[in-house]
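Good morning, and thank you for coming. I ask you to look at the structure on the screen while I describe how its chain is arranged.

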Amino acid sequence: MRAALRDRRFRIVYLAMVTSLLGDSSLLLIPAVLAKKLTGSDGAAGLTLFFFTVPLCLSPLLGYVIDRVDRRRFLVAACLLAAVAITPLAAVTGRDTFWLVYPVSAAMGLSYAAMSGALGGLLKAILPGESLAGANGALQTARQGLRLVGPLFGMAVYATWGIGAVVLFDVATFMVAAAAFALLPAPPPTPAAPRGRPRDEFLAGARHLAGDPLLRRTVTAFCMMFAVAGATESLIFAVIEHGLGRPPEFTAVTSTAMGVGAIIGGLGAATVIARFGELFAIGAGIALYGVAVLLWAVPAGAVVLAAMATGGAGLTLAGVAEATLTQRRSPGHLVGRVSAAFDAVAGVIQLASLAAGAVLVSLFDHRVLLGVVGVTVCLAGAHALRARSMRSPAGHPSAA
C-alpha cells in the first residue's frame with residue numbers, strides 16, 4: 001500500500017476517488033429514506049436498491065466504451081455527468097415527486113459501474129504490477145471507512161438543512177473529483193488491439209473471463225457465493241429480531257461492525273496477496289464470510305457482531321484480490337470489458353438472490369437458511385482455494 005501511495009499519479013487518483021466516494025456515501029441512504037418518508041412503504045424504499053443495482057447489468061456496454069476511450073477523460077466526463085444526474089433529487093418534496101428517487105438511484109448505480117470499470121484500467125496503466133494490490137487495498141479501505149461515516153454525515157446534513165444541501169455537497173465532491181482527474185498526467189498509451197466484428201468486441205471481456213483458468217475459477221467462486229449471499233440482506237433482520245431480540249434499528253450496529261472489519265480487511269489485503277497470491281486471498285476471504293454467516297445463528301450479540309466484522313474483512317479481502325487478479329491477468333486494452341463482464345454476472349445473480357431471499361425468509365426458519373447460505377459460501381471459498389498450484393504470469397503466485 002505504501003508503494004502505491006508514493007506514486008504521485010496514484011495519490012491524485014486516490015484524492016479524486018475518496019472525494020467522490022465521500023459524496024456518494026453521504027447520499028447513499030437518502031433516496032430510500034425519502035421514498036419511505038413520503039410513501040410510508042417499505043417496498044417503495046426497497047426499490048431504490050433495485051434501481052441502483054440494475055445498471056450493473058449494463059456493465060458490458062460500459063466496458064466496450066471504456067476500452068475505446070482515454071480513461072482519464074472518461075472519468076472526468078463521468079464525474080461531471082454524475083453531478084448533473086443527481087440534481088433532480090433536490091426537487092423531491094412530496095408524493096407527487098417522490099418517483100424521482102428511482103432515476104436518481106439508477107444514475108448513482110450507473111456512475112458506480114462506470115467509474116469502477118474505468119478505474120481498473122487506469123490503475124493498470126499508471127502502476128507497476130507489484131503495486132496494484134496495495135492500490136486496490138488503499139481504495140477499498142477508504143471506501144469502507146467512508147461508508148461508516150458518510151451516511152451518518154449525510155443524514156445529519158439532511159436533518160439540519162434539507163435534501164438540497166446533501167445534493168449540493170455531492171455535486172461539489174464530483175466537481176472536485178473531475179478536476180483532480182483532469183490534472184492527472186496522461187497515462188502511457190495502451191496498445192490497441194486489432195478490431196473485430198462488433199459482436200466479438202462486445203463479448204471479448206466475457207470470453208477472456210471464460211478462457212483464463214484463474215479468472216474462470218474466480219468467477220465461479222464468486223457466482224457460487226452471490227447465488228446465496230443475497231439472502232443475507234433479508235436474513236439479518238430475522239437474526240436481529242428472532243435471534244437477538246433486538247429492534248430493526250440494531251442493523252446500524254451490525255453494519256458498523258461489518259464496516260470496521262472491512263477496513264481491517266482492506267489494510268491487510270496487499271500483505272496477504274503478496275505472500276499467498278490472489279486466489280488464496282479470494283478463497284480465504286469468501287470462506288471467512290461463509291463461517292461468519294454460520295455464526296449469525298448463535299443467539300448472542302457479541303458473537304454476531306464479531307461474525308459481522310469477520311465477514312466484512314473476508315469480503316473486502318476477496319474483493320481486493322479479485323480486482324488485482326483481473327488487472328494482472330487482462331491485457332490493457334481489454335481490462336475494462338473484463339471488469340464489466342464480471343460486474344454484469346455478479347449484478348444479475350445478486351438481483352435474483354435478493355429476490356429469492358426476501359421470499360424464502362418468510363417460508364423457512366432463518367437458522368436453516370443461514371446454514372444453507374454459510375455452507376454454500378464456504379464451498380465457494382474452497383473452490384478458489386483448490387487452485388493453489390496455479391500461477392500467474394511473470395512467476396507471480398496466484399495461489400500459494
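Let me begin with a term: two residues are in contact when they have heavy atoms within 4.5 Å of each other. Please also keep in mind that this is a predicted model. Among the contacts in the chain between residues at least 6 apart in sequence, 85% join residues at least 24 apart.

I turn to the overall form. The chain contains 18 helices and 0 strands. What radius of gyration would a compact globule of 400 residues have? The value would be near 21 Å, and the chain has 20 Å, which agrees. Along its principal axes, the C-alpha trace spans about 55 × 45 × 40 Å.

Next come the interior and the surface. Of the 400 residues in the chain, 52% are buried. The chain exposes about 17,000 Å², and carbon and sulfur atoms supply 69% of that area. As for charge, the chain has 30 positive and 18 negative charges, and the mean positions of the two groups are 8 Å apart.

Let us now consider one helix, α5, which covers residues 59-66. Which of its residues are buried? They are Ser-59, Pro-60, Leu-62, Gly-63 and Ile-66. Seen down the axis of α5, these buried residues fall within an arc of 160°, so they line one face of the helix. A general point helps here: an α-helix has 3.6 residues a turn, so residues three or four places apart point the same way.

I continue with helix α6, residues 71-85, where we find Ala-82. Is Ala-82 buried or exposed? Its relative accessible area is 7%, and because buried means under 20%, Ala-82 counts as buried. Leaving aside neighbours within four places in sequence, Ala-82 is in contact with Ser-111 and Phe-174. Ala-82 and Gly-109 are 27 residues apart in sequence, and their C-alpha atoms are 10.0 Å apart in space.

My next example is Gly-314, in helix α16, which runs over residues 301-329. Gly-314 has a relative accessibility of 0% and therefore counts as buried. Not counting residues up to four places away in sequence, Gly-314 touches Gly-285, Ile-286 and Leu-288. Along the chain, Gly-314 and Ser-116 are 198 residues apart, while their C-alpha atoms are separated by 20 Å.

Finally, I come to helix α18, residues 366-385. Two of its residues deserve our attention: His-366 and Leu-369. His-366 is buried, since its relative accessibility is 10%. Which residues does His-366 contact, when neighbours within four places in sequence are left aside? They are Leu-235, Ala-238, Val-239, His-242 and Gly-243.

Leu-369 is buried as well, with a relative accessible area of 13%. Under the rule that leaves aside neighbours within four places in sequence, Leu-369 is in contact with Leu-235, Leu-360, Val-361 and Phe-364. Leu-235 therefore appears in the contacts of both His-366 and Leu-369. How far apart are the C-alpha atoms of Leu-369 and Leu-183? They are separated by 50 Å, and the two residues are 186 apart along the chain.

To close, I return to the whole chain: this predicted model has 18 helices and 0 strands, and 52% of its residues are buried. Thank you for your attention.

Methods:
Residues numbered from 1 in each chain as written. Predicted model: local features only at pLDDT ≥ 70, side-chain atom pairs only at ≥ 80, totals over all residues. Heavy atoms only, no water. Helix = DSSP H or I, 4+ residues; strand = E, 2+ residues; numbered from the N terminus. Rg over C-alpha atoms; globule rule 2.2 N^0.38 Å. Buried < 20%, exposed > 50% of the residue type's maximum accessible area, 1.4 Å probe, protein only. Areas by Shrake-Rupley, 256 points an atom, 1.4 Å probe, with all protein chains shown as cover. Lys, Arg positive; Asp, Glu negative; His and termini not counted. Charge placed at Lys NZ, Arg CZ, Asp CG, Glu CD. Arc of directions from axis to C-beta.
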